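Dear colleague,

Here is the structure I promised to pass on, and below it you will find my notes on confidence, packing and pockets.

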Amino acid sequence: MSQKNQNNENFRDSIGTITNEGKRAWVYPKKPSGRFYDKRKMVSYVLLAFLFGAPFIKINGNQFLMFNVLERRFNIFGFPFWPQDFHLFVVSMIIGVVFITLFTVGFGRIFCGWICPQTIFMEMVFRRIEYWIDGDRNKQRKLDKQEWNAEKIRKRLLKWFIFLIISFLIANIFLAYIIGSDKLIGYVIDGPSAHLNTLFPLLIFTGVFYFIFAWFREQVCIIACPYGRLQGVLLDNKSIVVAYDHKRGEGETGRKKFRKNEDRTALGHGDCIDCLQCVNVCPTGIDIRNGTQLECVNCTACIDECDHIMESINLPKGLIRYASEDEIEKKETFKLTARLKGYIAVLTILIGVLAGMLLLRNDVEARILRLPGQLYEKKENNIISNVFTYKLINKTTTEIDNVSFKLRNINGDIKLVSTTDDFTVPEQGIAEGTLFIELSKSDLKGDKNKLTIDVYSHNKLIETTTVNFLGPRSYH
């Protein structure tokens with residue numbers, strides 16, 4: 001590291017996008033280009049297509065992804081999760097956290113740079129629109145400083161209008177994840193005036209998205225998102241991150257501006273020519289040469305820009321690259337550490353547990369409970385009767401009809417409080433009611449008897465549950 005940087009490390013005491021007076025320092029990143037940027041564009045557009053298409057994809061009639069918090073119904077990869085499946089949902093979320101943690105320990109904040117919706121929308125949608133309307137870095141700075149003339153008003157109104165339309169579209173897509181795409185399409189067909197109670201929250205979310213992408217921007221990653229601060233806990237010297245090779249870049253006498261026909265090696269200068277292009281292209285306004293920082297989202301823009309500069313002055317690429325601190329300091333290659341192996345083992349176990357739970361999970365869940373406060377009733381011919389309430393949950397997208405209850409391994413009758421002894425459970429719905437179980441006193445063994453009840457549809461067993469049947473206490 002150069003003497004200049006050794007004596008000036010106060011960057012660690014402040015955020016690069018805040019001035020010494022505490023005001024916002026607006027970031028005008030240069031438009032990136034290069035091999036990593038091209039790959040990120042491909043990944044981003046695939047993920048954007050997935051994000052916009054997932055609510056409208058159906059598997060066995062179930063929305064591919066849905067997070068209906070209001071009705072406590074969730075679909076993950078086409079699997080429906082009801083409140084009764086909350087344990088499965090929790091295990092799924094834990095798997096997601098462990099998965100992200102594993103990749104952070106191994107590869108740093110790669111999730112933020114390549115997969116995070118905030119980064120994708122900001123860098124691949126809103127920022128590209130801004131480049132198209134306002135121009136690149138220098139033109140944006142010039143436009144911001146100039147007076148409000150016809151050109152500035154026209155460009156600002158056009159940009160703000162497009163930002164608002166896209167924010168409204170994003171809010172609708174997120175609404176489709178919450179209430180379901182079918183319901184959203186129905187709302188659109190009915191018109192906004194027919195669903196004002198949904199329109200107002202939609203406009204609020206539109207305003208939130210507009211605020212984030214038009215003004216708050218990189219501050220989400222720097223201030224609001226806790227994930228960046230987890231790097232200090234999760235990263236170590238073996239983690240692969242976007243890193244500056246200070247050994248090569250600083251040399252013996254530090255970095256120096258490029259001069260043609262100068263023997264930099266003989267003079268002891270490093271390969272960094274202090275062009276500041278890695279700083280100018282950074283969307284969070286940091287200097288990657290200062291080392292790993294919480295503001296860095298691993299977007300690789302500095303890698304592409306530095307490689308371009310190195311090519312133009314006939315020096316090897318890779319001054320800024322994906323590397324670990326140990327690779328730069330000790331030339332050690334990446335390998336699985338005991339820590340990584342531990343995370344992989346935990347992740348594998350959790351995935352196995354979830355797979356087992358999903359295989360054992362029934363499409364229909366039955367719950368039969370004795371009516372609170374009721375004991376038993378004696379009837380003619382030594383018949384003992386208990387009253388229960390039942391609830392059947394149909395997790396499928398098809399109606400289940402001709403449903404009936406039968407006792408297993410004991411003679412007795414189950415009588416529904418309805419006109420028939422069978423009923424229908426609607427698709428993704430619930431059937432509730434009351435039933436009586438009648439047994440002969442001679443078949444009872446004490447005052448508390450555990451009964452197994454089978455649930456059938458068209459004489460096909462679809463679920464099994466148990467109840468406690470109360471009878472007279474026997475005295476010997």
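Among the elements of the protein chain (DSSP runs numbered from the N terminus, helices being H or I of at least four residues and strands E of at least two), helix α1, residues 3–6, has the lowest mean pLDDT, 43, and α2 the highest, 97; pLDDT is the predictor's confidence in each residue, from 0 to 100. Over residues 1–7 the pLDDT is below 50, and this stretch has 9 contacts (heavy atoms within 4.5 Å) beyond near neighbours in sequence. Where pLDDT is low, the predicted coordinates should not be read in detail. The chain as a whole averages 90, with 96% of the residues scoring at least 70.

This is a predicted model, in which local features need pLDDT of at least 70 and side-chain atom pairs count only at pLDDT 80 or more, while totals for chains, interfaces and linings use all residues. Residues are numbered from 1 along each chain as its sequence is written, and side-chain values use heavy atoms, leaving out hydrogens and water.

The largest nonpolar core (buried Ala, Val, Leu, Ile, Met, Phe, Trp, Tyr and Cys residues joined through side-chain atoms within 4.5 Å, buried meaning under 20% relative accessible area with a 1.4 Å probe, protein chains only) has 45 residues, and those with the most contacts inside it include Phe121, Ile129 and Phe213. Several elements give two or more residues to this core, among them α5 (117–134) and α9 (196–216), but the largest share, 10 residues, comes from α7. Isoleucine 129 touches Ile162, Phe163 and Ile166, not counting residues up to four places away in sequence. A second, separate core of 25 residues includes Val364 and Phe388.

Best wishes

Definitions and conventions
Buried < 20%, exposed > 50% of the residue type's maximum accessible area, 1.4 Å probe, protein only.
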